[in-house]
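Me: Got a model I'd like to go through with you. Can we start with the pockets and then look at helix packing?

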Amino acid sequence: MSATLKTLDWSAGDGWQPLIDAWRVSADGQRIEGLLKTRLAEGAVIYPPDPLRALRLTPLTNVKVVIVGQDPYHGPGQAEGLSFSVPVGEKLPPSLRNIFKELQRDLGQQPAMSGHLGEWARRGVLLLNTSLTVEDGAAASHAKKGWESLTDALIVATAQDPAPKVYLLWGAHAQAKAPLIEAAGHQHLVLQANHPSPLSATRGPAPFIGCGHFSAASDWLKGQGIELGWSLD
């Protein structure tokens, strides 16, 4: 797979495609598609190579947990279409190091050899960013350009499905999605904490380090008759 976006592939996998197709013809969908085509034609380097990868790895009917990030990593070779995940062999970004640190503190799980979270995605953890593309070296460069209406719709689709789910909302961008989940009216579990970035992971009334979200998610799902493990190796 190329490490940068080259062409637009809007195939989304089981359950998601009608939603993607409807969004693409909306004003926001047209705005994003136009932005990406224009910037690619101008030579911009855009990450990740496959913005909808999370949807292909985690079909709607298989979603058990939703982890909401912000925008993709904006450094070369890092973003791969799964929030917080990096390809095998890539150095762990600080936020992901803190995620592994909390996994070890919470579950006694040794840090994985790789920062690739594809195994979580295949088990039913939807790794979704609020904005699905970014330009090289320019954090949040595609934020508030239209992606958010799509990711809102994706989250609403998961919340409207009555199968029990856990939402891990880390940081203000993710926590802004909580009302969408609550409005669906189903008995999902919503857990909130600071973003795992070193700037906020240990601060404030809801620090990420010490939140216990991984064990809380597994325990709650087990009570619903659903098994989910967090190992990666």
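Reply: Sure, pockets come up before helices below. It's a predicted model, where local features need pLDDT of at least 70, side-chain atom pairs count only at pLDDT 80 or more, and totals for chains, interfaces and linings use all residues. Residues are numbered from 1 along each chain as its sequence is written, and side-chain values use heavy atoms, leaving out hydrogens and water.

Me: What volume does the largest pocket have?
Reply: About 370 Å³. A pocket here is an open set of points on a 1 Å grid where a 1.4 Å probe fits, with protein on both sides within 12 Å along at least five of seven lines; the volume is the space filled by probe spheres set on the points, joined across faces, edges and corners.

Me: Which residues lie nearest its centre?
Reply: D71, P72, Y73, S95 and H195, out of 21 that line the largest pocket (lining means an atom within 4 Å of a point). That lining has nine nonpolar, ten polar and two charged residues.

Me: And what lines the second largest pocket?
Reply: Its lining includes Q70, D71, K144, E148, H173 and K177. The volume of the second largest pocket is about 190 Å³, and its lining splits into three nonpolar, four polar and four charged residues.

Me: Switching topic: at what angle do helix 1 and helix 6 pack?
Reply: Helix 1 (residues 17-24) and helix 6 (residues 147-160) pack at about 150°, axes 11 Å apart. So helix 1 is roughly antiparallel to helix 6 (over 145 degrees).

Me: Which residues make the contact?
Reply: L19, I20 and W23 from helix 1, with W147, S149, L150, A153, L154 and A157 from helix 6 (heavy atoms within 4.5 Å). By class, that's eight nonpolar, one polar and no charged.

Definitions and conventions:
Nonpolar A, V, L, I, M, F, W, Y, C, P; charged D, E, K, R; others polar. Axes fitted to C-alpha atoms, helices over the stretch in contact; angles between N-to-C directions. Helix = DSSP H or I, 4+ residues; strand = E, 2+ residues; numbered from the N terminus. Parallel < 35°, antiparallel > 145°, perpendicular 65-115°, else oblique.
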